[in-house]
Amino acid sequence: MKMLINVPETVVADALRGMAAAHPELTVDVENRVIVRRDAPVAGRVALVSGGGSGHEPLHGGFVGPGMLSAACPGEVFTSPVPDQMVRAAAAVDSGAGVLFIVKNYTGDVLNFDMAAELAEDEGIQVAKVLVDDDVAVRDSLYTAGRRGTGATLFVEKIAGAAAEEGQPLERVRSIARQVDESSRSFGVALSASTTPAKGSPTFDLPPGELELGIGIHGEPGRERRPMMTSREIADFSVQAVLDDMEPRNPVLVLVNGMGGTPLLELYGYNAEVQRVLIERGVPVARTLVGNYVTSLDMAGASVTLCQVDEELLRLWDAPVSTPALRWGR
């Protein structure tokens, strides 16, 4: 596979150097793999730290900035960052009001953030954690005990970030983050496999004319394979899978998320079908976001995430945000 890289060994460092050059509002420590909003620590404000393997951009580094994350820790491609990165990030952004770790439910991320929380507390940093586990496709998959953390990570980071920006205390920010996670469900579909720089070939075999329903963001197996379906058919299946696991009593936020290799032309067409299904099911939509936000390198495909919102969560979603990948209201 052709890739726009130098060598696989430096792909993450090269990307971080490029991010630093493009975004002077961030402090990017290339050597230690930590991305921090330049004005951190912000006095009297809870700090939010997240991270995970590279290859899911703009998650998480693209969500660092006012109204969202205070810092992010990128690991190697599809590999958890290490505790030292997380502790360094927490120390850089802690104002004394505490730090919330936002952790996607993958075994490596969970173990390393748990260890980092203990180390940070030993240094006098108050740490709380929230686990994101929104994927309804499978339980106990290749890298996960329980449900995987996928598209809802964006909702958690944005809404909890807005609460922190307002000056809400640590326990309240954590409570809001948990509410968002518990109110969110996701389902993804792959039309092709992703290709890691180190391997240079697809991470799994998906024959031409087939798709994988319920795929994870690392190419983990889904629920089943089927012959290729239309956008309409995929939306019917995916949205129904989400609604089978939640009964929305409130309006929902909708994320139609590309997996990295699907153009916006197709994503907007897919969104039209997702909206059709929601109308048919009587589910009111409060806001919709379409684009590549929680990706899997060059994988073709898409995921749908729904999050039930009350008035407070919707207000926090609409609050100003200024990050490389998400920006409004400023």
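A residue counts as buried here when its relative accessible area is under 20%. Keep that cut-off in mind as you look over this predicted model, since buried residues make up 57% of the 330 in the chain.

Let's start with the overall build. The chain has 8 helices and 14 strands. Its radius of gyration is 19 Å, close to the 20 Å that the globule rule gives for 330 residues, so the chain is as compact as a globular protein of that length. Along the principal axes, the C-alpha atoms fill a box of roughly 55 × 50 × 35 Å. If you look at contacts with a separation of 6 or more, 73% of them are between residues 24 or more positions apart.

On the outside, the accessible surface comes to about 13,300 Å², and carbon and sulfur atoms account for 52% of that. As for charge, there are 29 positive and 44 negative ones, and their mean positions sit 3 Å apart.

Now zoom in on helix α2, which covers residues 83-93. Its buried residues are P83, Q85, M86, V87, A89, A90 and V93. What covers them? The cover includes four strands, β2 (34-37), β3 (47-54), β4 (71-77) and β5 (99-104), along with helix α3 (107-122).

Two of those covering elements, β5 and α3, turn up again when we go looking for aromatic rings. A search of the whole structure finds 4 aromatic pairs. In one of them, the rings of F101 and F113 have centres 5.2 Å apart and planes at 65°, so this pair is edge-to-face. F101 belongs to strand β5 and F113 to helix α3, so the pair ties together parts that are 12 residues apart in sequence. Both ends are well out of reach of the probe: F101 is buried at a relative accessible area of 0%, and F113 is buried at 0% too.

Another pair spans a longer stretch of chain. The rings of F155 and W317 have centres 5.3 Å apart and planes at 80°, so they too meet edge-to-face. F155 lies in helix α4 (residues 152-165) and W317 in helix α8 (residues 311-318), so here the pair ties together parts that are 162 residues apart in sequence. F155 is buried, with a relative accessible area of 0%, while W317 counts as buried at 5%. These two rings have company as well: ring pairs link F155, W317 and W328 into a cluster.

Terms used: Residues numbered from 1 in each chain as written. Predicted model: local features only at pLDDT ≥ 70, side-chain atom pairs only at ≥ 80, totals over all residues. Heavy atoms only, no water. Buried < 20%, exposed > 50% of the residue type's maximum accessible area, 1.4 Å probe, protein only. Helix = DSSP H or I, 4+ residues; strand = E, 2+ residues; numbered from the N terminus. Contact = heavy atoms within 4.5 Å. Rg over C-alpha atoms; globule rule 2.2 N^0.38 Å. Areas by Shrake-Rupley, 256 points an atom, 1.4 Å probe, with all protein chains shown as cover. Lys, Arg positive; Asp, Glu negative; His and termini not counted. Charge placed at Lys NZ, Arg CZ, Asp CG, Glu CD. Phe/Tyr/Trp six-rings, centres within 6.5 Å; stacked < 30°, edge-to-face > 60°.
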